[in-house]
Amino acid sequence: MTRRVATARALWGGGIVAASRVLPVPRKVALALGVRHLAQATAVLRRPDGVVARWGWTIDVAHSASMLGLAAVSRRWRAAALANAVVAAAWARAARTGERRQK
């Protein structure tokens, strides 16, 4: 399961990078997020039993929480931040569920 989640994450990250010019957020932000997803997917695919595979979901939880904070303080970025918080929470759940199933 972890490999499936990592493969899906790699596709998601690649899609963000590819679409970074047309997303409703600054391009540098989109690129940073896309590259982070690609790096996390690569780490999990290289070492499916490694620390990133076991604890990478915490990165998504932190990202989701930070986006909720941004939504609370910025009207301009509220919609994008809330959407991103939901997506990050979904990645966290997928990664955590995949990690639990491997035990």
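This is a short talk on three helices of a predicted model and how they pack.

First, the ground rules. Local features need pLDDT of at least 70, side-chain atom pairs count only at pLDDT 80 or more, and totals for chains, interfaces and linings use all residues. Residues are numbered from 1 along each chain as its sequence is written, and side-chain values use heavy atoms, with hydrogens and water left out.

Start with α1, residues 2-18. Helices here are DSSP runs of H or I, at least four residues, numbered from the N terminus. α1 has 17 residues and reaches 24 Å from first C-alpha to last, close to the 24 Å expected at 1.5 Å a residue. That expectation is 1.5 Å times one less than the number of residues.

Which residues of α1 are buried? T2, V5, A6, R9, G13 and I16. Seen down the axis, they fall within an arc of 95°, so they line one face of the helix. Buried means under 20% relative accessible area, exposed over 50%, partly exposed in between, with a 1.4 Å probe and protein chains only. The arc is taken over directions from the helix axis to the C-beta atoms. R4, L11 and A18 are exposed on the other side of α1.

Now α4, residues 57-73. α4 spans 25 Å over its 17 residues, against an expected 24 Å. Its buried set is W57, D60, H63, S64, M67 and A71. Down the axis of α4 the buried residues fit within an arc of 110°, so they too line one face. A72 and V73 are exposed, on the face turned away from that buried side.

Next, the packing. α2, residues 27-46, packs on α4 at about 160°, axes 11 Å apart. Axes are lines fitted to C-alpha atoms over the stretch in contact, with angles from 0 to 180 degrees between N-to-C directions. The pair is therefore roughly antiparallel, a label for angles over 145 degrees. L33, R36, H37 and Q40 in α2 meet W57, I59, D60 and H63 in α4. Contact means heavy atoms within 4.5 Å.

Last, two residues. R9 sits in α1. At 3% relative accessibility, R9 counts as buried. Not counting residues up to four places away in sequence, R9 touches R36, H37, Q40, A41, D60, W91 and A95.

H37 lies in α2. H37 is buried too, with a relative accessible area of 3%. What does H37 contact, leaving aside neighbours within four places in sequence? R9, W12, G13, I16, D60 and W91.

Technical notes
Helices (H or I, at least four residues) and strands (E, at least two) are DSSP runs, numbered from the N terminus. Angles under 35 degrees count as roughly parallel, over 145 as roughly antiparallel, 65 to 115 as roughly perpendicular and the rest as oblique.
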